[in-house]
Amino acid sequence: MTDVLISGAGVAGPALAWWLRHYGFRPTVVERAPAPRDGGYKVDIRGAALAVIDRMGLCEQVRRHDTGMRLAHFVDADGNRLATMDAQLFGGRVGDDVEIMRGDLARVLAAATADDVEYVFDDSVTGLTPTDSGVEVDFARSARRRFDLVIGADGLHSTVRRLAFGPEESPLRSLGHHIAIFSVPGRFGLDRTELMHVTPGRSVGVYRTAGAPDARALFLFRSPTGGDGDRDVAAQQALLAEAFAGQGWQVPRLLEAMRDAPDFYLDSISQVRMRRWSAGRVALVGDAAYAPSPASGQGTSLGLVGAYVLATALAEAGGDPAVGFADYERRMRPFVEANQRLADRNLRGMVLGSTAQIRFQFLMLRLMPHLPGRDRMIGRVAGPIRRAANAIALPDPAPAQRGA
């Protein structure tokens, strides 16, 4: 039995715990939040990631939580509809792709691991001390413990990454924009419909998924000079309010509702790019290692695939970190690079730079149903995402030893 500490109970962490336990490892998941995180935005599961979910036997559960989104309407400052898109095309989804709320996916994964994985909530890693045979781990609340391996699945601003690699790595690559997401009362959204208001350098969206009591708001905007800097929620909310001051449509009322949101989130739209994803007995997975940014639409899929590939590589290597981590990186890096390349292209369509660009985009959306070659045009939109989502040959599962 190999004891493995996983920092982070979002998506990649519990997925990795499932596969490690499946292979006979003994994972422990530590999470700084006091309970599994709810909230978040809707996320897509495509291509190789869907195959991973299928191998876990969770496809049916995941599909039960599909958002059921139908349409996306673009509206002007007065709420008048300027153009409409099918929700599948709006999200770049084709075939059997699944769209699910991040919180719903996290709950499915947590439930699938609850019986045989140790979870430690309301705690976090504060120190890592390598030894000849493992890693001594210090925690904010718990006593020091020893683990054979430590995996950071703790997101864009990973603490494990900072402790294992040091601050000199500076792996964040900003894409020049910020994103804010938070819950708002259901009256702001239309059932299974996304409403988008676009102005130069800024986009605002709000939607309500099937059966949801509340709605979600999304704000995209060019990064302010100096970035967000302050991690204090009040300061971040002030920054967002300033960035969207004077906007029409529902923006003033959404910003007012923001003050009461229990799940407010704001950050730069950034990627993580590292020369290596492991150091000794410590490795990284998901956003901590290779965040593609929300603009790629592939962060969740990379986390699911990365968890499977890492666990399988370790199982094939008999738990040897040098061999397992190297094989994991060899298999994953081309897939990661293909998906990270989507971000810049996608972002140009999400936040438009001028009034002329906005008018042209809406004109094309209105004309698309009537133009010859419509299917080819749709293929050009969804094709790059589809190719990136399948740009890996998943290794066969190693022999299962869950009962060990």
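The lining of the second largest pocket comprises, by class, seven nonpolar, six polar and eight charged residues. In this predicted model, the second largest pocket encloses about 310 Å³ of space. Of the 21 residues that line the second largest pocket, those closest to its centre are Met101, Asp104, Ala212, Asp214 and Arg216. Helix α5, spanning residues 102-113, contributes two or more residues to this lining, as do the strands β14 (202-208) and β15 (214-222).

Two residues named at the centre of this pocket also appear in the surroundings of Gly40, a glycine placed in the loop between β2 (26-31) and β3 (42-45). When neighbours within four places in sequence are left aside, Gly40 is in contact with Met101, Arg102, Ile181, Arg216 and Asp263, and Met101 and Arg216 are among the residues closest to the pocket centre. The relative accessible area of Gly40 is 24%, so this glycine is classed as partly exposed, given that the partly exposed class lies between the buried limit of under 20% and the exposed limit of over 50%. Between Gly40 and Ser301, which are 261 residues apart in sequence, the C-alpha to C-alpha separation is 15 Å.

The structure also contains one cavity of 30 Å³ or more, and the volume of the largest cavity is about 40 Å³. Its lining is formed by Ala9, Pro36, Arg37, Ala106, Arg107, Ala110, Tyr119 and Phe121, and the elements that supply two or more of these residues are α5 and β7 (118-121). The greatest contribution to the lining of the largest cavity comes from α5, with three residues. In terms of class, the lining of the largest cavity divides into six nonpolar and two charged residues, with no polar residue. Helix α5 is thus named both among the elements lining the second largest pocket and among those lining the largest cavity.

At the level of the whole chain, 14 helices and 18 strands are found. The radius of gyration is 21 Å, close to the 22 Å given by the globule rule for 404 residues, and the chain is therefore as compact as a globular protein of that length. Taken along the principal axes, the C-alpha atoms fill a box of roughly 65 × 45 × 40 Å. Of the 404 residues, 56% count as buried, and the accessible surface of the chain comes to about 17000 Å², of which carbon and sulfur atoms account for 50%. Among contacts between residues at least 6 apart in sequence, 71% join residues that are at least 24 apart.

The loop between β7 and β8 (125-130) holds Asp122, which, although not a glycine, has a positive phi of about 60°. Asp122 counts as partly exposed, at 33% relative accessibility. Ser124, which is placed in the loop between β7 and β8 as well, counts by contrast as buried, at 13% relative accessibility, because this value falls under the 20% limit for burial. Apart from residues up to four places away in sequence, Ser124 touches Val30, Arg32, Asp138, Phe139 and Ala140. The C-alpha atoms of Ser124 and Glu31 are separated by 6.0 Å, although these residues are 93 residues apart along the chain.

A positive phi in a residue other than glycine is likewise found at Ser293, where the angle is near 85°. Ser293 belongs to the loop between α9 (287-290) and α10 (299-316). With a relative accessibility of 6%, Ser293 counts as buried, whereas Asp122 is partly exposed.

Another buried position is that of Arg161, whose relative accessible area is 7% and which is found in helix α6, residues 159-165. Beyond its neighbours within four places in sequence, Arg161 is in contact with Gly155, Leu156, Gly166, Pro171, Leu172, Val272, Met274, Leu284, Asp287 and Ala288. Arg161 and Ala289 lie 128 residues apart in sequence, with a C-alpha to C-alpha separation of 7.9 Å in space.

Key: Residues numbered from 1 in each chain as written. Predicted model: local features only at pLDDT ≥ 70, side-chain atom pairs only at ≥ 80, totals over all residues. Heavy atoms only, no water. 1 Å grid on protein atoms, 1.4 Å probe; cavity = no way out; pocket = protein on both sides within 12 Å on 5 of 7 lines; lining within 4 Å. Points joined across faces, edges and corners; volume = space filled by probe spheres on them. Helix = DSSP H or I, 4+ residues; strand = E, 2+ residues; numbered from the N terminus. Nonpolar A, V, L, I, M, F, W, Y, C, P; charged D, E, K, R; others polar. Rg over C-alpha atoms; globule rule 2.2 N^0.38 Å. Buried < 20%, exposed > 50% of the residue type's maximum accessible area, 1.4 Å probe, protein only. Contact = heavy atoms within 4.5 Å. Areas by Shrake-Rupley, 256 points an atom, 1.4 Å probe, with all protein chains shown as cover.
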